[in-house]
Amino acid sequence: MSNYHIKHLEEYYQVYRKSVRNPEVFWAEIAEEHFMWRKKWDKVLSWDFSKPEIKWFEGAKLNITENCIDRHLYTRGDKTAILFEPNNPNEEAQHITYKQLHERVCRFASVLYEQGIRKGDRVCIYLPMIPELAVAVLACARIGAIHSVVFAGFSANALATRVNDADCKMVITSDGSYRGAKTIDLKGIVDEALKQCSCVETVLVAKRINSKINMKEGRDLWLQPLLDDAYHDFPPEEMNAEDPLFILYTSGSTGQPKGMVHTTAGYMVYTAYTFKNVFQYREEDVYWCTADIGWITGHSYIIYGPLCNGATTVMFEGVPSYPDFSRFWQIVEKHKVNQFYTAPTAIRALAKEGVSHVEKHDLSSIKVLGTVGEPINEEAWHWYDDNVGKKKAPIVDTWWQTETGGIMITPIPFATPTKPTYATLPFIGIQPALMDENGEEISGNQVDGRLCVKFPWPSIARTIWGNHQRYKDTYFSAYENKYFTGDGALRDEVGYYRITGRVDDVIIVSGHNLGTAPIEDTINEHPAVVESAIVGFPHDIKGSALYGYVTLKETGETRNQDNLRKEINQIITEQIGPIAKLDKIQFTNGLPKTRSGKIMRRILRKIASNDTSNLGDTSTLLNPEVVQEIMDNAL
Ligand code: WT7
């Protein structure tokens, strides 16, 4: 029996048991048989959640790009590795074979080297979904530089914060990007950001929209001429198993974004192994994940996991609504996509437009459907199942996080019977636990609690860049000897998990993880604002949307409130990005606070959700009178 590819439910249980009874033997076997190592490990695992310190495959030497590219050159060199589908449906798709990818990555790596980038240096990548993005990521990995991809929808300020936090020497960007019918001036955003960043020495600029941009002497270089002159082969740098592969920022409930650090060997083994099983990828399949590479989903399941398995992975530059709402299905038909992985928010947005868009296209190639990013509601689940999968393609509702690196709780298609809204069973090697308010693990089924993980898995983030204490406080302090996810979950009568949502101040809007504190800090910078509080409320398409309560300096502020609302959303757009804009802004004379001065968000959440029949205990409030006023003026 090959433990690498699980096909039946009994096989799942058997392999799962093996993986938790003897994790080291299990993971060593997977790592040994399915990857290329320059040197094998001395020790499979050492860990201590109290420090916390986690090491997998210590002593091993490898390069992840050798696993993603070089080893396929003889067996599938002419197979398409990356299938690029442009924003404009009339522009031709690009089929980049493994051989071509090899050459492009090597040339790019040579350019990085020429520009003085060395092992361990941080390189920020701020690019749209064009092939250069995947190539840049892999080129960094090839020379051992740590990539920090910043989603190209983030504002100049958000970019600057991330560039500075990781002390990046280089930024890779493009002149601009296409987004549906619009173009975006990416280079202009980079120029704005870099006014605040002294660490950046070089900016490499890819040409995408042929716009006129400023090139700063001595800093900015056009990428293409450098690539044309670069050497077409570049030997992969030999990396240690625990060398950082990348930093990726995610929002916390407080403070600055957290630069999650993922390391090389464990991340590679786990993303490759999950990819193979969760999507049941077969050699001739075409796999498409619609996420942006700026998020962890794109890192793990557009680039590393698929390429490690020699897969064909689609990269789509555009949006689901351009030129119309049938674009996704048109692409599925055109490229005969076999596995399709998207977010519940996209499903809801498409469902709203009606089934006619789906019906126009032949979707018979689809074998497996996936969702990720937030809980999927029952209606969206059935719409997806009925209209896209035609009830024949199992839906894998995959629960995981930026911090976990790979999929943690998920059905295995054709093995695990699915159940709407349930992520179902822990993946191989994953040991979840539900905890009660007293910090005790809850045993048995038909229970709910806070979701933790009791044992390390190979792709767990190892630290927060530059702030190990925060890593410890955030994930390992709530419950002794356990990784705390920040999510609540319930376990049904057969042991299936359903993720019920965040239990902290993180709100998931259209699948994007947003911390309330940074948005509040931004609003508070507005000269008319005293303070603010943000909560989530249910939204048909976005899952959750943001509701802001804002207290102004002058009571009876005479200025037009709609203008103020616009200004507030404008600063949020500038400082963070349009994804963090508030759907509703209510002006208040004060916010409900406890005697210790903490804003009681529980109450604000209920008001925003229009659920005020029982506000719970308000006896500890310092200013109970504001509650009635806020309720009276609720939007
Ligand atoms: C949070 C992590 C993992 C890639 C995308 C998001 C929520 C994620 C599910 C799911 C219910 C989900 C959780 C988690 N989440 N997938 N299938 N069902 N909730 O990564 O930005 O790090 O967000 O997304 O709340 O903690 P992220």
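Hi everyone, this is a short walk through a sheet, a helix pair and a ligand site. Please keep in mind that we are looking at a predicted model.

Let's start with the sheet. It is open and has 5 strands, in the order β22-β21-β23-β25-β26, and the pairing is antiparallel. The edges belong to β22, residues 441-442, and β26, residues 497-502; each has a single partner strand, so one side of each has no neighbour in the sheet. Further in, β23 (residues 447-453) runs antiparallel to β25 (residues 483-491), and 6 bridges join this pair. If you'd like a spot to click on, cysteine 452 sits opposite phenylalanine 484 of β25.

Now to the helices. How do α13 and α15 pack? Helix α13 covers residues 344-352 and α15 covers residues 378-388; the angle between them is about 70 degrees, and their axes are 10 Å apart. That angle makes α13 roughly perpendicular to α15. On the α13 side, the contact is made by Ile347, Arg348, Leu350 and Ala351, which meet Ala380, Trp383 and Tyr384 of α15. By type, those contact residues come out as 6 nonpolar, 1 charged and no polar.

Last stop, the ligand. There are 18 residues around it, and Asp397, Thr398, Thr402, Asp487 and Arg502 come nearest. Which atoms does aspartate 397 bring to a ligand nitrogen? An N or O atom of the aspartate 397 side chain lies 2.7 Å from a nitrogen atom of the ligand. With threonine 398, a polar backbone atom is 2.8 Å from a ligand nitrogen. Glycine 373 also offers a polar backbone atom, 3.1 Å from a nitrogen of the ligand.

Thanks, and I'm happy to rotate the view for anyone.

Notes
Residues are numbered from 1 along each chain as its sequence is written. This is a predicted model: local features need pLDDT of at least 70, side-chain atom pairs count only at pLDDT 80 or more; totals for chains, interfaces and linings use all residues. Side-chain values use heavy atoms; hydrogens and water are left out. Two strands pair if DSSP finds at least two bridges between them. Helices (H or I, at least four residues) and strands (E, at least two) are DSSP runs, numbered from the N terminus. Axes are lines fitted to C-alpha atoms, for helices over the stretch in contact, and angles run from 0 to 180 degrees between N-to-C directions. Angles under 35 degrees count as roughly parallel, over 145 as roughly antiparallel, 65 to 115 as roughly perpendicular and the rest as oblique. Contact means heavy atoms within 4.5 Å. Ala, Val, Leu, Ile, Met, Phe, Trp, Tyr, Cys and Pro count as nonpolar, Asp, Glu, Lys and Arg as charged, and the others, Gly among them, as polar. A residue is near a molecule or strand if one of its heavy atoms lies within 4 Å of it. A polar contact is a pair of N or O atoms within 3.5 Å; within protein, one must be able to donate a hydrogen and the other to accept it, and residues adjacent in sequence count only if both atoms are side-chain atoms.
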